[in-house]
Amino acid sequence: LNNVAFIGTGGSYAGTVFSSKILNQMYSINPITFYPRDFYYHNNEKFDLVIMFSYSGTTNDIINSVSNIGDDKKIIITKGEISDIVIKTKISGSNIFSYRTSSNKTKERGFLAFEGAIVPASLFFKLYLNSINKDANEIIKKMLIYWNNYFEDYFKDNNKRLKDILKIGNNLNIFMGDYSDTGALD
């Protein structure tokens, strides 16, 4: 595969960006991420594969954005019920990858939902780690322990300063971007 498109909206868009970076590293391809509307108006005849991230699997803007793509080129990564998605989208069940289990059928509510963004992206993260013979579960455990210890120490060492920053009436602006280091002056 040379031309792969990732489509997501809302919290699922974060998963598309991360997953496209994983595929770029693994296979030296150049996947492109899109919001649904941007993909719809893009010249997309040359895509070999279109991977859609959708928590429900039936998000109208995502489904409509790929209406002119053959069903054999579409993959949906979702928490939705496969049979419901097949009925609404007419996409083959074999092209729908659901991370739904019998014990996690609840709806998640939140801006950056764990199940809508982190879980689908972690599937590609695990694929990458397996490709370089690393144990994904062990790495994730180590990262969680590291960041837990980091923030525990940080909050202990900076308790007064943080309380001062977070007083009512103070403004707090946090920015982190790919190019934030290039703006620093020596």
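In the next few minutes I will walk through helix H6 and its aromatic residues, and then turn to two buried residues in other helices. Please keep in mind throughout that this is a predicted model.

Let me begin with helix H6, which covers residues 136-157 and contains Phe151. On the surface there is a nonpolar patch formed by Ile140, Met143, Leu144, Tyr146, Trp147, Tyr150, Phe151 and Phe155, and together these residues have about 810 Å² of accessible area. If you look at individual members of that patch, Phe151 is partly exposed, with a relative accessible area of 39%, while Tyr150 comes out at 36% and Phe155 at 46%, which again counts as partly exposed.

The aromatic side chains here can also be described by how their rings are arranged. The structure as a whole holds 14 aromatic pairs, and one of them joins Tyr150 and Tyr154, whose ring centres are 6.2 Å apart and whose planes meet at 15 degrees, so this pair is stacked. Both tyrosines belong to helix H6, where they are four residues apart, or about one turn of the helix. Tyr154, which is partly exposed at a relative accessible area of 29%, also pairs with Phe155, and in that case the arrangement is edge-to-face, with 6.0 Å from centre to centre and 75 degrees between the planes. Taking the rings together, Tyr146, Trp147, Tyr150, Phe151, Tyr154 and Phe155 make up one aromatic cluster.

Now I would like to move to helix H4, residues 82-89, and to Thr89 within it. Is Thr89 buried or exposed? Its relative accessible area is 10%, and because the cut-off for buried is under 20%, Thr89 counts as buried. The side chain of Thr89 reaches two backbone atoms, namely the oxygen of Ile85 at 2.7 Å and the nitrogen of Ile91 at 3.1 Å. When neighbours within four places in sequence are left aside, Thr89 is in contact with Gly57, Ile63 and Ile76.

The last residue I want to show you is Ala121, which sits in helix H5, residues 114-131, and which is buried, with a relative accessible area of 9%. Which residues does Ala121 touch, once its neighbours within four places in sequence are set aside? The contacts are with Gly15, Phe18, Ser19 and Phe53. As for Ile77, which lies 44 residues away from Ala121 along the chain, the C-alpha atoms of the two are separated by 9.8 Å.

Terms used. Residues are numbered from 1 along each chain as its sequence is written. This is a predicted model: local features need pLDDT of at least 70, side-chain atom pairs count only at pLDDT 80 or more; totals for chains, interfaces and linings use all residues. Side-chain values use heavy atoms; hydrogens and water are left out. Patches are made of residues with over 30% relative accessible area and no salt bridge: like charges are joined within 9 Å, nonpolar side chains (Val, Leu, Ile, Met, Phe, Trp, Tyr) within 5 Å. Accessible areas come from the Shrake-Rupley method with a 1.4 Å probe; for residues, only the protein chains shown count as cover. A salt bridge is a side-chain nitrogen of Lys or Arg within 4 Å of a carboxyl oxygen of Asp or Glu. Buried means under 20% relative accessible area, exposed over 50%, partly exposed in between (1.4 Å probe, protein chains only). A polar contact is a pair of N or O atoms within 3.5 Å; within protein, one must be able to donate a hydrogen and the other to accept it, and residues adjacent in sequence count only if both atoms are side-chain atoms. Contact means heavy atoms within 4.5 Å. Rings of Phe, Tyr and Trp (its six-membered ring) pair if their centres lie within 6.5 Å; planes under 30 degrees apart count as stacked, over 60 as edge-to-face and the rest as tilted.
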